[in-house]
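Student: I should like a close look at one part of this model, namely its charged side-chain pairs. Which residues form them, and where do they lie?

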Amino acid sequence: MTEKLFSSEIRVMELLWKNGEMTAKEIASSLSESIGWSKTTTYTVIKKCVEKGAVIRTDPGFLCKAAVSKNEVQETEAFELIDRLFGGSPDLLVSALIGSGKISPDQLKNLRDLVKNMGEE
């Protein structure tokens with residue numbers, strides 16, 4: 001999958017990542033309850049996800065399942081953000097996060113541990 005997923009498409013994907021296979025009807029029902037989407041809106045978003053290769057839909061019953069993992073989408077989105085806002089430099093992203101003062105001491109410790117452990121591989 002090479003196309004960007006929009007926030008509406010991520011909502012569909014989150015359901016599939018959490019629940020595995022679901023029918024389009026089940027997805028529509030869940031999104032109707034949680035955010036008030038109509039059945040038509042949900043089906044349109046599912047169709048876009050299928051066209052982008054993020055969802056596989058089979059008949060009968062319009063059964064849907066994720067064709068990409070959450071990790072794959074997170075990595076793609078993270079690198080797109082880094083390219084777009086930080087000139088392709090991950091260290092500038094980390095610097096912006098740390099410099100914002102919005103990272104808790106526990107989160108900062110986790111980042112330090114992650115970087116330290118990466119050097120041991």
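Tutor: A residue is called buried under 20% relative accessible area, exposed over 50%, and partly exposed in between (1.4 Å probe, protein chains only). The model is predicted, so local features require pLDDT of at least 70 and side-chain atom pairs pLDDT 80 or more, while totals for chains, interfaces and linings use all residues. Residues are numbered from 1 along each chain as its sequence is written, and side-chain values use heavy atoms, without hydrogens and water.

The setting comes first. The protein chain contains six helices and three strands (DSSP runs numbered from the N terminus: helices H or I, at least four residues; strands E, at least two). Their order along the sequence is α-β-α-α-β-β-α-α-α. The C-alpha trace spans about 50 × 25 × 25 Å along its principal axes, and 21% of the 121 residues are buried.

Side chains of opposite charge can pair when their charged atoms come close. A salt bridge here is a side-chain nitrogen of Lys or Arg within 4 Å of a carboxyl oxygen of Asp or Glu. The structure has six of them.

One of these joins Glu77 to Lys4, with 2.9 Å from N to O. Glu77 belongs to helix α4 (residues 70–86), whereas Lys4 is in the segment before α1 (7–19), so this bridge ties together parts that are 73 residues apart in sequence. Both partners are partly exposed: Glu77 has a relative accessibility of 24%, and Lys4 has 32%.

Helix α4 takes part in a further link, between Lys70 and Glu14, whose closest N and O atoms are 3.2 Å apart. Here the connection runs from helix α1, which holds Glu14, to helix α4, which holds Lys70, across 56 residues. Glu14 is partly exposed at 32% relative accessible area, and Lys70 is also partly exposed, at 34%.

A bridge of local character is found in helix α6 (residues 105–118), where Lys109 and Asp113 are four residues apart, about one turn of the helix. Their side chains meet at 2.7 Å, N to O. Lys109 is partly exposed with a relative accessible area of 46%, and Asp113 is partly exposed with 29%. Elsewhere, salt bridges with shared partners join Lys4, Glu77 and Glu80 into one network.

Lys4 has another neighbour to consider. Its backbone oxygen is reached, at 2.6 Å, by the side chain of Lys52. Lys52 sits in the loop between α3 (39–51) and β2. With a relative accessible area of 13%, Lys52 counts as buried. Lys4 thus appears twice in this account, because its side chain also pairs with Glu77 of helix α4 from the segment before α1.

Further along the chain, the loop between β2 (55–58) and β3 (63–66) deserves a brief look, and Pro60 is placed there. The peptide bond leading from Asp59 to Pro60 is cis, with omega near -5 degrees. Phe62 is found in that loop between β2 and β3 as well. Its phi is near 50 degrees, a positive value in a residue other than glycine. Phe62 is partly exposed, at 40% relative accessibility.

Methods. Polar contact = N/O pair within 3.5 Å; in protein donor to acceptor, adjacent residues only side chain to side chain.
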